[in-house]
Structure formats: structure tokens, C-alpha cells
Amino acid sequence: MGTPIIEFKNFSYYYPNTEEPAIKQIHATIEEGDFVGLIGPNKAGKSTACLSMIGIAPHILGGDWMGDVVVNHETIQSSNVSDFTKIVGVVFQDAESQFTQETVEDEIAFAMCNMGFERSEMIKRVNEVAISCNLTEFLERSPFQLSGGQQQRLAVACLLALRPKVIILDESTSQLDPKGRDEVFKLVKELHRQGRTIIMVDHNIEKMAEYTTKLMVFFEGELKLYGPTSEILQQKELLNDYHIRLPQVTDAAYGLKETYQFTKLPINLEEASRTFKEYRGQENGSNYSNQESCP
Amino acid sequence: MDPIIQTKNLVHEYKGGVQALKGVDVSILPNDLISIIGQNGSGKTTLVRHFNGLLKPTEGSVVIDGEETTTKSVGYLSQKVGYVFQNPNHQIFSSTVMDELKVGPKNFKFSEEKTKERIEYVVNLLNLGKILDKHPMTLDYTRKKLVTIASVLAYAPKVMILDEPTGGLDEDGRRLLRKILSLLHEQGNTVVMISHDMDFVAENTDRVIVMAEGKVLLDSQIANVFSETEILEKAWIEPPQITLLGLDVDPEKRIFLSVGDFVSHYKNRSSQKII
Ligand SMILES: Nc1ncnc2c1ncn2[C@@H]1O[C@H](COP(=O)(O)OP(=O)(O)OP(=O)(O)O)[C@@H](O)[C@H]1O
Ligand SMILES: [Mg+2]
């Protein structure tokens, strides 16, 4: 067992003026160095779970709660949002609405400025994240004159500049082009390799399968499943009940499970290629290869 | 057949000098079902904003249903070409969902009866019954997106442009969108969708326009797009995972566009083998 960094303790949260909790009785521990993916349909509670991990729910949003969320040993009672933001950083889907500055460069520096970083350090980090998020040519431009995807990259850059211990990305790749999305995942993977804890909400199940180490499955406010990614993704029928689809290659293997006698479903392209090729390898000794050489 | 949308050597330069389109020629026919794909900042949104006159060409021309857009207002063009914005916050301006849905029918002077009929239709189709009294800005991003789709559908434009409708949609939302696209297509409308979601593009559109750096790199039937590795590379596109799997393991390098295609193909092969 690693060191717990975020612990939900039978936590339920009610938005102001609502009778039903948005998340119910969540009991789970995220350990330092985990790369956890949160999956589930819209309104299942993923974003609310993210908001609770950074104290926005309940400290800023108000509302009621039961149980507790312990972040880096601080309980809800013993903490406020600024305690949380020292270690946890978050990016939401709607990047544009968080921008306040006149240039991309200032936007990246803004949060660091608020946290009292030295100027030289700020400049260094702005340049660093501008490169890693592919924004160098836009530094002088207004954040509002970027395309949708460029704005999302900027939001990610603003967060990374602060180098928080825990990084939460809530659907912040939804408007990125496929390569750009992959780059954000790669970037986050590198931060994970350096020991940071990553929590990610994303509807792209293929990327989630490829990069995360654990998955949390939310449905109707409840945490239904939590475990290693490869194990969770074996359970097609159950995931179906929770309105979640499998990665395409996993689904294909599932569809051919009986035909090919697969015992474990591949969850990423590499595994799937290997699995299908192995099968073809066995096949080649048989009449199948003859068939192919026949006209 | 005459194109419903045609651009010739379209150039667009934003204030401040960014040249977002560098000579684009596209021709869209009535009842086409098209995706525009390409890297962030390649000019997709800039292009489609010319289709209802929100942007006017810096050079070249845009002809909608036989008329040059330069001489027409956005109001006039919008009746033919409905545009669902990439960012729903830029589109919504009413204080209830119901009012938002009424904007189009009111602007285009629909009779009361027809307005009612259209609104009922979209409310049912998009399952908005429970949120009609809510302020659209208080909804989550996905719901906002559905409201903006509904508000354009409500006035039944001939051409429907959807700018990244899949962004942030879950499986149920995608299923709904799939249904809307096929209904529009069956009813004879023209649909142009911008998307970064290649699975969705592969399964739901017939023709694809690939853009990079303000230009069209490829305009082709969907089946021919994902084998163009070099072009896709330039446009920052990754084919769907199932297509990549097919390209890697299929001896004839077939292009599979859906999991269903892949599974039925291999099921058949293995039954051949038994014979
Ligand atoms: N209001 C604006 N002022 C100046 N430049 C702009 C403006 N809007 C977009 N641009 C620039 O124009 C180019 C094309 O942008 P556009 O929004 O058309 O791209 P896109 O293909 O829709 O991208 P995305 O997939 O990220 O939405 C980009 O370089 C972008 O930075
Ligand atoms: Mg765009």
C-alpha cells in the first residue's frame, strides 16, 4: 500500500437547494503516484468528485455534505480552498471562462503571480510550459483569440506551471485534435512518471485505457467500481449497465471471444495487435494459409 | 446538382493579421453528410462561419444556395444555414431554455402553430422536457450543448452546421447525436459537422474534408481517408483505434470503420476456415 493522498470517507455532497446528493457515500482512497481515470455518463458525479478533491465543494459552492474528504491529511473541517490549491490543481472543460488576462503569457503567469513566485522563476516556467503545451507562437496573443483547442492547451499550461502534486483534468481534452489529445496524455504520463498523482475525467475510453493505472466508474452519483484499469475493462456487461463502452479494440476482442477463445481481453492497440497476431500465427500452420495462397 | 455551399479561393484574415484561411475551395451538395477534420487552429471554425455569413471573405467568394454571402445578412443566411457554435456560451442568450428554443421560430416568423409543433419535436427528440424553465447558463456544458443544437433544429434550416458537437458528450449523448444526424439526412437536409472524434466521424459521415494550416488537404469519401497516412500526419489526425488495428493485423490491410465491421469480417473468416 502506498501513501494515501486523497481519501473519500463515506462522502456525500448536496448542491445548494437540492434534496438528492450529487455523489453518494463515496468511500475510496487515491494513493500518491496513482493515475486514476474517472468514467461514467454525464451527471454521474465525476465532476462533483473532482470539485470535492479541491475543496470547491463545499467551501466555495456551499451546500451540505456528510462524511469527509481528506486531502493530504487535511479534513474538510480543518481546511479551506487555499490549503487544497497548494497541492491540487484542476482544469475544467470550459477553458475560456477561466481566462482573465490580456495575453497568453500573462495568463500563464497569473496564477503563479498570485502565489508569490519570483519573477525569474515565473519566466522560466512560462517558457517551459509554453513549449510542452505547444503555445510558443501565441504568447503575445489574447486568450480569446485562440481556437477552441488552443484555449484548452492554455488552460492545461496554466495548471502545469504551478507544478501541483495532484493534477486533476476534468474533460480538458474534449476539443483537442487527436494528436493534441495524445500529447496531453503523454505530458501527463511523464508527470506521473515523475511521481505526481493524476486524476483524469475523459470520455475518450481508448486513451483512458492506454494511460491510466486505475479506473473509478461512476453511475447515478455512486462509485460503482474502482480497480486496476485492465481488470475493470474486462467487464463489458456491467459497464454496459453503467452506459460505458469498451475501447474499440477491447470491444472487437469481446465480439470475437468465442471464435478465438480469448481468455483476457486486450485493452490497448499494442496488446490487441499482439493478441490477434498470435492467433494468426497459430492459424498459419493450418489450412488457413493454404487458402490464402489459393487463387 | 448545384452545390448548396460553394467557396472559391476563400481567404480569411482576422484583425491583427492572422491568416486563418489561405485559399479554400469546397463544394457541398444538397443532402451531403460531411465531416470537417483537422488540427486545432487549422481553420475549420473560420471556414464554417462563412457559411451563414458570420464571417465575410477577405478574398474569394462564398455562394450559398446560389447567392453570394457578401450581399446578404446573417439573419437572412441563417434561415437556410443553421450553425451550432463550438462554444455554447457564445450562442445562448435567453434566460430560459424554452425562450432559447423560441428564438429561431420567432425571428423567422413561424406561425404559432408551427412554432409549437417544432418546439415539441425538438424537446422530445433531445429530451429537454425537465429543463425548459431553467436558465441555460446554469446547465452543465453538455446540456448547454444539447440546448444549442435544439435551438437551431427548432427552426429547421435546410443546412445544419455542427461545430464539435461530440466534445464532452457521453455514450448516451453520442447515441442521440447519431440519431439526429441520420434523421436530418433522411429528411433531405445537408449536414456539415466539425469533429475531433474519429470514431464518430468514421461511423456517421460519408465524406470528409481534411484541413491543415488554412488549407484543404483532402476531400474524399470516408473509406479512403484513413489510409492516407501522410496527409493525416500533417493534419494531426489519428484514425480510429479499430482502423489502426485492422491496418496492423489484416493481411490485406483492409480499412475497418467500426468495431461491427471488424468483428463480422473475422467471424466470417473463421467460419470459412472450419469449412
Ligand atoms: N478571433 C480571432 N482573432 C484572431 N485570430 C483568430 C481568432 N479566432 C481564431 N483565430 C486564429 O485563426 C486560426 C484558425 O482558427 P479556427 O478557430 O478556425 O480553428 P479550428 O480549426 O476551428 O480549431 P479548433 O479545432 O481548435 O477549434 C488559428 O490560428 C486561430 O488562432
Ligand atoms: Mg474550431
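Which side chain of opposite charge is nearest to Arg196(A), and how far away is it? The answer is Glu128(A), at 8.1 Å, and Arg196(A) is buried with no salt bridge. Keep in mind that this is a predicted model. Below is a quick tour of chain A, then a closer look at that arginine, then the interface with chain B.

**Chain A overall**
- Chain A has 14 helices and 9 strands.
- Its C-alpha atoms fill a box of roughly 75 × 50 × 35 Å along the principal axes.
- Of the 295 residues in chain A, 55% count as buried.
- Take the contacts in chain A between residues at least 6 apart in sequence: 62% of them join residues at least 24 apart.

**Around Arg196(A)**
- Arg196(A) sits in the loop that runs between helix H7 (178-193) and strand E7 (197-201) of chain A.
- There's no salt bridge for this buried residue, but a polar atom of the Arg196(A) side chain does lie 3.5 Å from the backbone oxygen of Arg163(A).
- Arg163(A) also turns up among the residues in contact with Arg196(A), once neighbours within four places in sequence are set aside.
- The others on that list are Gly33(A), Asp34(A), Pro164(A), Lys165(A), Ile167(A) and Leu191(A).

**Where chain A meets chain B: extent**
- On the chain A side, 52 residues are in contact with 48 residues of chain B.
- About 4300 Å² is buried between the two chains, and carbon and sulfur atoms give 49% of that area.
- Three residues stand out here: Pro178(A), Lys179(A) and Gln248(A) supply 15% of the area that chain A buries against chain B, more than any other three residues.

**Where chain A meets chain B: pairings and make-up**
- The rule finds 6 salt bridges across the interface of chain A and chain B.
- Lys277(A) forms a salt bridge with Asp248(B), and the closest N and O atoms are 3.2 Å apart.
- Polar contacts across the interface come to 21 residue pairs, with both residues at pLDDT 80 or more.
- Several helices of chain A each supply at least two residues to the side that touches chain B, including H7, helix H6 (148-161), helix H8 (205-211) and helix H11 (248-255).
- Helix H13 (269-284) is also one of these helices, and H13(A) gives the most to that side, with 8 residues.
- Sort the residues on the side of chain A that touches chain B by type and you get 13 nonpolar, 20 polar and 19 charged.

Methods:
Residues are numbered from 1 along each chain as its sequence is written. Chains are lettered from A and ligands numbered from 1 in the order in which they are written. This is a predicted model: local features need pLDDT of at least 70, side-chain atom pairs count only at pLDDT 80 or more; totals for chains, interfaces and linings use all residues. Side-chain values use heavy atoms; hydrogens and water are left out. Helices (H or I, at least four residues) and strands (E, at least two) are DSSP runs, numbered from the N terminus. Buried means under 20% relative accessible area, exposed over 50%, partly exposed in between (1.4 Å probe, protein chains only). Lys and Arg count as positive and Asp and Glu as negative; His and the chain ends are not counted. A salt bridge is a side-chain nitrogen of Lys or Arg within 4 Å of a carboxyl oxygen of Asp or Glu. A polar contact is a pair of N or O atoms within 3.5 Å; within protein, one must be able to donate a hydrogen and the other to accept it, and residues adjacent in sequence count only if both atoms are side-chain atoms. Contact means heavy atoms within 4.5 Å. Buried area is the accessible area (1.4 Å probe) that two parts lose on being put together, summed over both. Ala, Val, Leu, Ile, Met, Phe, Trp, Tyr, Cys and Pro count as nonpolar, Asp, Glu, Lys and Arg as charged, and the others, Gly among them, as polar.
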